[in-house]
Structure formats: structure tokens, C-alpha cells
Amino acid sequence: MTHSLAWAFEVSGLTPHQVFAFDGKSPAGVDYYDSATVRCTNGATMMLSGSATALIGQGTRVEIFGDNGTLTYEGGKINVAVRGPDGNVAVPVPADPSSPGDKPIGQAGVWRFVERCRGVQTPSTRNSADGGVGLRVVQCLEAIYTSSATGQLFTVETTNAPVAVTADK
């Protein structure tokens with residue numbers, strides 16, 4: 001779930017505000033299954049689910065819903081639908097793995113890593129998981145785990161202070 005959250009926060013620029021979550025634990029207490037609804041500070045809603053034991057695909061799904069569109073990620077595929085100023089919905093064509101310009105997410109990540117190691121400085125090799133993204137991921141994960149344990153909705157403190165999560169009464 002960590003990498004999916006980092007991706008979601010990086011591409012959307014969203015900040016988590018409230019979180020409600022469930023999980024399913026292994027006999028050792030490790031979360032096998034996670035499901036969370038995240039309300040963001042701008043009102044957008046993010047739905048997250050993950051399974052460590054998925055038999056098909058990679059077991060992670062991220063959906064983001066807002067006034068102007070929807071973004072989904074599942075099994076390495078990204079889908080976007082955007083409402084334009086005229087109110088019409090445009091659905092961009094997803095990446096084509098056979099096109100040299102459109103690499104699937106996994107390959108693109110590997111090539112970005114190789115280019116960074118070589119010292120290449122381009123917009124595509126910039127660090128996508130900076131400290132701000134990391135902070136939002138940790139805040140959200142703490143809220144997910146705490147909500148799962150207590151069954152309560154939690155509000156994420158969105159200051160630059162150390163991570164803090166408080167229960168809503």
C-alpha cells in the first residue's frame with residue numbers, strides 16, 4: 001500500500017484529511033488485506049484496497065474521485081476521465097506498452113532509476129517520492145492502521161509538525 005499511496009499523492013497532489021479503514025490480519029498479526037476510504041483536504045475521495053495474497057494481478061487498487069474527474073490504478077494500468085470546462089467528459093487513451101514513448105509503469109520506473117544512477121537530470125528523472133509525499137504517505141498509513149484497529153474515523157493532522165492522528169468523537 002505504501003507505493004500505491006506515494007504514487008497517488010504524487011500524481012494527484014492530494015493531502016489526506018480523514019480516513020476510515022478495515023484490514024484482515026494473518027495469524028502472525030500482519031495485515032493481509034486492507035481497504036480504506038480517504039477524504040482529502042480539498043474534498044476529493046480516495047478509495048484504496050490491497051491484498052498480499054492476490055491470486056490475480058498485483059492486488060492493489062487506487063481510485064480517486066473529484067468534481068472534475070476520476071483516476072484509477074489497478075494491475076499496472078492507469079485510467080483517467082476528466083470533465084472539461086464545457087462539461088463534456090474526455091477519456092484519454094491509456095499508455096500503449098508497444099510504443100517506444102509510452103512505457104508501462106514498471107518499465108518506466110526501472111528506466112528512470114537507471115537514468116538517475118547515470119546522473120541524468122531531466123524532468124522524468126526527478127525524485128517523485130520527495131519528503132512531502134513521504135510525509136503524506138506515513139500520515140495516511142498511520143491513520144489506516146489506527147482506524148482498522150479501532151473501527152473509528154480518524155482525522156489526519158496536516159501540519160508540517162511530527163505525524164499525529166486523532167480520533168473523531
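Q: Which residue in E2 stands opposite Lys25?
A: In this predicted model, strand E1 covers residues 16-25 and strand E2 covers residues 31-40. The two strands pair in the antiparallel sense over 9 bridges. Lys25 has as its opposite residue in E2 Asp31.

Q: Which residue in the turn between E1 and E2 has a positive phi?
A: E1 and E2 form a hairpin, with 5 residues between the two strands. In that turn, a positive phi of about 90° belongs to Gly29.

Q: Which residue in E8 stands opposite Gln18?
A: Strand E1 also pairs with strand E8, residues 154-156. This pairing is antiparallel and runs over 2 bridges. Across from Gln18, the residue in E8 is Thr155.

Q: Is Thr60 buried or exposed?
A: Thr60 lies in strand E4. Residues that Thr60 touches, leaving out those up to four places away in sequence, include Ser4, Ser49 and Tyr73. Buried means under 20% relative accessible area. The value for Thr60 is 14%, so Thr60 is buried.

Q: What separation do the C-alpha atoms of Thr60 and Asp34 have?
A: Along the chain, Thr60 and Asp34 are 26 residues apart. In space, their C-alpha atoms are separated by 9.3 Å.

Q: Which helix is among the elements that cover the buried residues of H1?
A: The buried residues in H1 are Ser4, Leu5, Ala6, Trp7, Ala8 and Phe9. Their cover includes the strands E1, E3, E4, E5 and E6. It also includes a helix, residues 131-150, named H3.

Q: Which residue just after H1 takes a positive phi?
A: The phi in question is about 75°. The residue that takes this value, just after H1, is Gly13.

Q: How many residues in the lining of the second largest pocket are charged?
A: The second largest pocket holds about 320 Å³ of space and is lined by 17 residues. Elements giving two or more residues to this lining are helix H1 and strands E4, E5 and E6. Ala44, Ile64, Phe65, Gly66 and Gly69 lie nearest the centre of the pocket. The lining divides into 9 nonpolar residues, 7 polar residues and, as charged, 1.

Q: How many contacts does the stretch 93-105 have beyond near neighbours in sequence?
A: The mean pLDDT of the protein chain is 78, and 73% of its residues reach 70 or more. Over residues 93-105, however, the pLDDT is below 50. Where pLDDT is low, predicted coordinates should not be read in detail. With that caution, the number of contacts in the model for residues 93-105, beyond near neighbours in sequence, is 10.

Conventions: Residues numbered from 1 in each chain as written. Predicted model: local features only at pLDDT ≥ 70, side-chain atom pairs only at ≥ 80, totals over all residues. Heavy atoms only, no water. 1 Å grid on protein atoms, 1.4 Å probe; cavity = no way out; pocket = protein on both sides within 12 Å on 5 of 7 lines; lining within 4 Å. Points joined across faces, edges and corners; volume = space filled by probe spheres on them. Helix = DSSP H or I, 4+ residues; strand = E, 2+ residues; numbered from the N terminus. Nonpolar A, V, L, I, M, F, W, Y, C, P; charged D, E, K, R; others polar. Pairing = 2+ DSSP bridges. Buried < 20%, exposed > 50% of the residue type's maximum accessible area, 1.4 Å probe, protein only. Contact = heavy atoms within 4.5 Å. pLDDT = per-residue confidence, 0-100.
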